[in-house]
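Student: Could you take me through one part of this protein slowly, and then show me how you would read a few other places in the same way? I work at the bench, so plain words and numbers suit me best.

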Amino acid sequence: MAFDVTFSAPKSVSLLWAFGSPEVASVASIVHVEAVAVALDLLERRAGATRLQVEGERQRIPTGVAAATFVHRTSRDGDPQLHSHCVVANFGRRPDGTYAALDATPLYEWGRAAGSVYQEELRRRLTERLGVEWGPDRHGCREIAGFDPRWLRTFSKRTVAIDDYLAGAGPENPDPKQRMWADEAASLATRPRRDGSLTPEVLRERWQAEADGIGMPTGHALEAEVCGRTIPMLRPGLEWDDLVDALIEPEEGLCARRARFNEAHVVEHIAALGAGRLPVDAIEDLADAFLASEHAVPLADRTGRTSPQYSTADHLLLEERVLDLVADLCATPVDAIPPPLVKRAIAGERPGLGDDQADAVQALCAAGPAIRTVIAPAGFGKTTTVHAAATAAGAAGHPVLGLAATNQAACELRQAGIDATTIARFALDGAALPPGTVVVLDEVSQVATSDAEIVLDAVAATPGATLWCLGDPHQAQAVRAGGLGAELARLGATGHIPAPELTENRRQLDPAEQRALARYRAGLVATSQAIRQDHGWEHDLGSPHATREALADALMADIDRHGAAGLVALAVSHADCEDLADRIRHRLRATGHLHGPELAGPAWNNGERRYAAGDRLLVHGTLRTDGQRLHNGSILTVTAIGADGLQAVDREGHRLALPHEFVEGRRADGSPNCSHAWARTVDGIQGGTWEQVHLLGTAALERFTGYTGQSRSRHATHTWNVTRLPDIDHGGVLADQRTPTREVLDALRRQPDSGFAIHDAPSRLQLLLAERAELRALLQHRPPDRRPALHQAELRLESAKKELYWAHYRLNHARERLDQLGRLSQFRSHGRREKASTLDQIDRFTGDVRKAEAKIDGCERVIEELRPEADQRLKWDVEHRFPDSRLRTVEAELADLGLSPELSQSREASLPRAAPDTPPWLDRLAEVARPPLPGPDMGAGIDIGP
């Protein structure tokens, strides 16, 4: 068994290799190999590990990895494509000399980070050797500046779904055992066989002909366009402040799409920001510095993760503001809507409300806090319930406004008779509400935290306003970092806010499917899938191609039964939706449902989409035409294609004209203005209902999107299980070779942690205890303090120097007396005695001088030995910011909190470790100002490869 890790160069690098001079082609090829080696080294250092049972506890043991690399230079369709397959053997050597399987979890955790490092190392080396510049970042990949996008599209014939697949692939740490269950034929079936006739000579001729056909220069002419555009030494460096701003940026930073991240995510982001300026050691150093800074807050581990989790201080502040606003609304009372109006609204609802719905209407209209929820499964009648409550509120003189994260959900509210708009439009219009407004927030699980602040702030600032939240925390979550749905469900379950329950499934007609969905919500995913399998709703026709074809056939059969507007195919990624739409349109064209000329527009990735009369079209941009406004999410049916664009009708039969500039254009974030509505993404349809739904089952599903996809249809949803499309895993993504049925089941079991991260952020007390434990552990390694001994030695030296001075003084004085004694004095007995005494003094004082000199030498030797040790202690204290002083401060703060040393000692072992510095985000809660209203969602997940 082995892991297949593939690193693929950007398309522009492959074209530089294919069409540059031999010298430049050699540089591109060598640099690719060198970058792969750097990425593999990172993967080995960070993710190479086995597991060993030590004293009853399983521990991770670092180990080296054995990998064989194979460089390929073409794609399966014969286009230039530099990539390396790295086969990593699934074993490692333990310290005792035995061998064991690798722990796969770190490999999957660090796979994308290694791919991002590969891309940056490739950019850096090409910039140094060829002077190329790089274009904007797109999911961790940059193309060489100077390459026309048409050139890149021409040599990218096969649609690659890896970007969208990874962006929606759910948790980053699936069970490694699930990943290792293999049948290689399942993955190979997704790829076309290599054409053996495409020899290097044939490919060269074909490539040159294609390049000539699009006017692409080759050889030295191409190098003149793209090489030598920059001098590496003169390029501006990546400043720390700019790096931090990018990492904490709310729309594209680490917490743009998730509230939590780990070290691998930081490395991945920093490498993507490098633009050819950062070697791998600098990337890792910057990641360590960011995680140790005030901008990253360590989180408590309550999910059994093996790697530490963090959130940014700014995102925690955002979540804190949202929780404060929710608390304010919980504490704000509103008056009840008059009961007669409520009863009249319940009686007037057609075709009638159930008892659970009527009770929910009364709960929404009763007196109580200014926020309340209706959290119920899909299809249980939330929209009908809230329409009756909104009718009563309107009759009582309250303006009613519906808000939702997506236009699909807003459209569902409008169809139910509630004036509604998207949160983004609400923010652009000023986020202002008339007094007494009732705000209906639909599909609350899809509301990002930043959008939640906009809505909550507007309601809290409006006198008499009330917020009714509808949704289901088990359905698809927000594309950006969210968690409001789970928070409101928790508050409702604990009785903090009114939360009436709906108990009857009003959508699914088949009792067996109702049971399957109930099991699914309860976490019994395998049981749910078994029910669906027994009833023939799960399909796998042996190969992905055959299964996708069968899905298209089944959808075509349902068109005659339910009409084109009554059915839809669902998938997670746009690439899968486009693939399904192509298959469906091929059949529609063959049966005459599509006819006449076609108008082309851009696809989500490379390539184009074509529209003809009879097509169903999904609008992503905003367009004002003929006095009407088309919103993101509008569905149109094309009636004719003309020179000016296309003619279409909407659901109400209104005729519209879309100019070809709009159809051929893109939005500000690069996504197309239009796509086919035959197949939709799961994230874009929450809140919608169809007569029949066909779901494409892939590993990109997870617990929330799987439930959403399976609960949209009145008739039983059919799931068509396949393995993924791409034949190249870009940038360190490990190959997945499970069977489709097992792959989808394992995907549906994954449940991303979508709650607020602030609940896992340590409190002030926890931080102080953790810091004290950290400081105490640090002080155990503190060098001994030699300063007292050094001071005593210095005092002894001073004393010895004084003794030497007085010994010399007395000796010199005695010698002077001896010189003063003349020869005549020796004839007297008194003179002889005085001379003898003076000579004795000289001998004694000479001994005193020698003793003092020896004492000085000894003191100097001691000082010479002690001074480096004392300097080492001082240097250590400076480097570690005098931890003893900080420890005294921490203990004083703990004493102020009334915590006894005995109690605090017992709790330290279970608390997360924190940096020595006090985290400023806790102190900034009271002083941080509200940020401006965010603009359109421009966030994008990081991905690797072209």
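Tutor: Happy to; what follows begins with one helix, H31, and then visits other helices, loops and single residues.

A word of caution before the details: this is a predicted model.

Let's start with H31 itself. Helix H31 runs over residues 883–896, which gives it 14 residues. From its first C-alpha to its last it reaches 20 Å, close to the 20 Å expected at 1.5 Å a residue. Which residues of H31 are buried? They are Pro883, Leu887, Val890 and Leu894. These buried residues cover an arc of only 65° around the axis, so they sit on the same side of H31. On the other side of H31 you will find Arg888, Ala895 and Asp896, which are exposed. If you colour the helix by accessibility, then, look for Leu887 among the buried residues and for Arg888 on the other, exposed side.

Now step back along the chain from H31. The loop between helix H30 (829–879) and H31 holds Phe882. The backbone there deserves a look, with phi of Phe882 near 50°, a positive value in a residue other than glycine. Is Phe882 buried or exposed? The answer lies in between: Phe882 has a relative accessible area of 37%, so this residue counts as partly exposed.

There is a good partner for comparison elsewhere. Ala431 is a further residue other than glycine with a positive phi, here near 55°. Its place is in the loop between helix H18 (423–428) and strand E15 (438–441). Ala431 has a relative accessible area of 17%, and since buried means under 20%, this alanine counts as buried.

While we are on loops, one peptide bond also stands out for inspection. The bond from Arg350 to Pro351 is cis, with omega near 10°. Pro351 is in the loop between helix H14 (339–348) and helix H15 (355–365).

For a contrast with H31, try H13. Helix H13 covers residues 313–330, a run of 18 residues. The helix reaches 25 Å from first to last C-alpha, close to the 26 Å expected at 1.5 Å a residue. How many residues of H13 are buried? The count is 13 of the 18, so H13 is largely enclosed by the rest of the structure.

Next come pairs of helices. Two packed helices are described by the angle between their axes and the distance between the axes. Take helix H3 (residues 104–130) with helix H11 (residues 263–273): they pack at an angle of about 20°, and their axes are 8 Å apart. H3 and H11 are therefore roughly parallel to each other, and their crossing is left-handed. Then look at helix H21 (residues 511–521) and helix H22 (residues 525–534), which pack at about 165° with their axes 7 Å apart. That angle makes H21 roughly antiparallel to H22. H21 also passes H22 in a left-handed crossing.

Helix H3 brings us to single residues, since Pro106 lies in H3. Pro106 has 4% relative accessibility and so counts as buried. Along the chain, Pro106 and Ala49 are 57 residues apart, while 7.9 Å separates their C-alpha atoms. In helix H16 (residues 382–395) you can look at Lys382 in the same manner. This lysine is buried, with a relative accessible area of 9%. Lys382 and Glu501 are 119 residues apart in sequence and 9.6 Å apart in space, C-alpha to C-alpha. Finally, Arg45 belongs to helix H2 (residues 22–47). At 43% relative accessibility, Arg45 counts as partly exposed. The C-alpha atoms of Arg45 and Gly64 are separated by 7.6 Å, although the two residues are 19 apart along the chain.

One last stop, for the cysteines. A disulfide is a covalent bond between the sulfur atoms of two cysteines. With a cut-off of 2.5 Å between cysteine sulfur atoms, the count comes to zero disulfides. Two cysteines you may want to find in the viewer are Cys674, buried at 1% relative accessibility, and Cys859, buried with a relative accessible area of 7%.

Methods
Residues are numbered from 1 along each chain as its sequence is written. This is a predicted model: local features need pLDDT of at least 70, side-chain atom pairs count only at pLDDT 80 or more; totals for chains, interfaces and linings use all residues. Side-chain values use heavy atoms; hydrogens and water are left out. Helices (H or I, at least four residues) and strands (E, at least two) are DSSP runs, numbered from the N terminus. The expected span of a helix is 1.5 Å times one less than its number of residues. Buried means under 20% relative accessible area, exposed over 50%, partly exposed in between (1.4 Å probe, protein chains only). The arc is that of the directions from the helix axis to the C-beta atoms. Axes are lines fitted to C-alpha atoms, for helices over the stretch in contact, and angles run from 0 to 180 degrees between N-to-C directions. Angles under 35 degrees count as roughly parallel, over 145 as roughly antiparallel, 65 to 115 as roughly perpendicular and the rest as oblique. A crossing is left-handed if the near helix is turned anticlockwise from the far one by less than a right angle, and right-handed if clockwise.
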